[in-house]
Amino acid sequence: MIEAQSKERIVRQRYAAGAKERADKLCCPVNYDSEYLKVIPPEVIERDYGCGDPSRYLREGETVLDLGSGTGKICFIAAQVVGPTGKIIGVDMTDEMLEVARRNAPIVAERIGYANVEFRKGRIQDLALDLELLDEQLQQSPIADAASFLGADELAEELRCKHPLIASDSVDVVVSSCVLNLVEPKSKPQLFDEIFRVLRKGGRAVICDIVSDEEVAEEMQDDPELWSGCISGALTEEGFLAAFENAGFYGIQILKRDAQPWRTVQGIEFRSVTIEAFKGKQGDCFERNQAVIYRGPFKEVLDDDGHRMQRGKPYAVCDRTYNLYKKAPYREFFEFVDPLVDVPLAEAKPFDCSRTALRHPKETKGQEYDATTEANNTCCDGGSCG
Ligand SMILES: C[S@@+](CC[C@H](N)C(=O)[O-])C[C@H]1O[C@@H](n2cnc3c(N)ncnc32)[C@H](O)[C@@H]1O
């Protein structure tokens, strides 16, 4: 069995070499928007080891973190998508990759007319620890014995708190292309927790990675070539989605799934998928007499809080859920029913979100409501209700 540390060392060595010279076996063909590639130097483009393009899901003005940024291609494309008001941070642990990315950043900045990309050194499963800061400090007081070894541990903890590489709740979108699979199994839960930590409330992760259609046997995981080649560290497709769910994400969906596997090894298919997942459903629940109606097309849906809703029926929801459903990725699936008389948030009572209940129209309109009206012609398009 390869130890976790040595798995990471093997990955670092392989990508250090891949930063200096293109390694064909490490890439999975991706179609990027050629418009964005024009300003990116060839050495960056040719040392492309990605398996998807998360940059196509970004928007103007967003702050983006790219995990395992390599030579910086995704960052340089994203820089153009988010524009001068946006910001891109690439994180990688391999010096040789960072060297290529940092050397090319001013060239891209000059060509696009603004500089909004920076590269930082860190491990993506420990996004609080700035490895360059740690390096600086350790050079001043190197580890020489057990006491200084323990001291280094304390120093790392202090740096995480006082000078985090990536601060909590600071990023709009976390992206990544073909990197999460390279993190050893023991650290994978922490990796998903870290993605969650750095995102602001309402932020999202858009991650392209290689997944498997069956569990990968341990001996395959112990093959250094298959591990560092983005194969045997892959989670199963199901496990990949569950990892986001376990970290507290909601609204998780598959944005893209390659029908054809990238590679098949011993009968196991390895393919690229792109997943989107949101942060921000946590919070208190208040009763403001709001309701939502699931529009279909399925007979019923089950949301991330365990609410099972049948098509076409008005369900009582708390203010938090109501507002969550008004945004992506849910908005198009629901109709929204506001109460006739608004309940101000400051006066709203707690709502028990563990139950699923229908909202009777009398609750929406008020128990005393007994109005009779003429036909409402404003509902008719051009005078015809058909
Ligand atoms: C397959 S390459 C992908 C590079 C880039 N995303 C692209 O699309 O070309 C993997 C990259 O992730 C980096 N990497 C792997 N494991 C890492 C970790 N635990 N923390 C930080 N970087 C890591 C490697 O140094 C390498 O640059």
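**View 1. Polar contacts of the ligand in the predicted model.** An oxygen atom of the ligand lies 3.4 Å from a polar backbone atom of Gly50. This is a predicted model. Met93 also approaches through its backbone: one of its backbone N or O atoms is 3.3 Å from a nitrogen atom of the ligand. Thr94 uses its side chain instead, where an N or O atom sits 2.6 Å from an oxygen atom of the ligand. On its own, the ligand has 600 Å² of accessible area, and the protein covers 99% of that area.

**View 2. The shell around the ligand.** The ligand is surrounded by 23 residues. Those that come nearest are Tyr49, Gly68, Asp92, Thr94 and Gln125. By class, the shell holds eleven nonpolar, eight polar and four charged residues. The ligand takes up the space of the largest cavity.

**View 3. Asp48 and its partner Lys73.** Asp48 belongs to the loop between helix H3 (42-46) and strand E1 (63-67). Its relative accessibility is 10%, so Asp48 counts as buried, the limit being under 20%. The side chain of Asp48 makes a polar contact with the side chain of Lys73, at 2.6 Å.

**View 4. Two cis peptide bonds before proline.** Most peptide bonds are trans. The bond from Gly296 to Pro297 is cis, with omega near 15°. Pro297 lies in the loop between strand E11 (290-294) and strand E12 (300-302). Ala328 and Pro329 are also joined by a cis peptide bond, and here omega is about 10°. Pro329 is placed in the loop between helix H12 (319-325) and strand E15 (334-337).

**View 5. Asp169, a residue with positive phi.** Most residues other than glycine have a negative phi. Asp169 is not a glycine, yet its phi is positive, near 55°. Asp169 is found in the loop that runs between helix H7 (146-162) and strand E4 (171-177). Its relative accessible area is 48%, so Asp169 ranks as partly exposed; a residue counts as exposed only when over 50%.

**View 6. Gln266, with positive phi in a loop between strands.** Gln266 is not a glycine either, and its phi is positive at about 50°. Gln266 sits in the loop between strand E8 (263-265) and strand E9 (268-278). Gln266 counts as exposed because its relative accessibility is 67%, and the cut-off for exposed is over 50%.

Notes
Residues are numbered from 1 along each chain as its sequence is written. This is a predicted model: local features need pLDDT of at least 70, side-chain atom pairs count only at pLDDT 80 or more; totals for chains, interfaces and linings use all residues. Side-chain values use heavy atoms; hydrogens and water are left out. A residue is near a molecule or strand if one of its heavy atoms lies within 4 Å of it. A polar contact is a pair of N or O atoms within 3.5 Å; within protein, one must be able to donate a hydrogen and the other to accept it, and residues adjacent in sequence count only if both atoms are side-chain atoms. Accessible areas come from the Shrake-Rupley method with a 1.4 Å probe; for residues, only the protein chains shown count as cover. On a 1 Å grid over the protein atoms alone, a cavity is a set of points where a 1.4 Å probe fits but cannot get out, and a pocket is an open set with protein on both sides within 12 Å along at least five of seven lines; lining residues have an atom within 4 Å of a point. A molecule sits in a cavity or pocket if more than half of its atoms lie within 2 Å of its grid points. Ala, Val, Leu, Ile, Met, Phe, Trp, Tyr, Cys and Pro count as nonpolar, Asp, Glu, Lys and Arg as charged, and the others, Gly among them, as polar. Helices (H or I, at least four residues) and strands (E, at least two) are DSSP runs, numbered from the N terminus. Buried means under 20% relative accessible area, exposed over 50%, partly exposed in between (1.4 Å probe, protein chains only).
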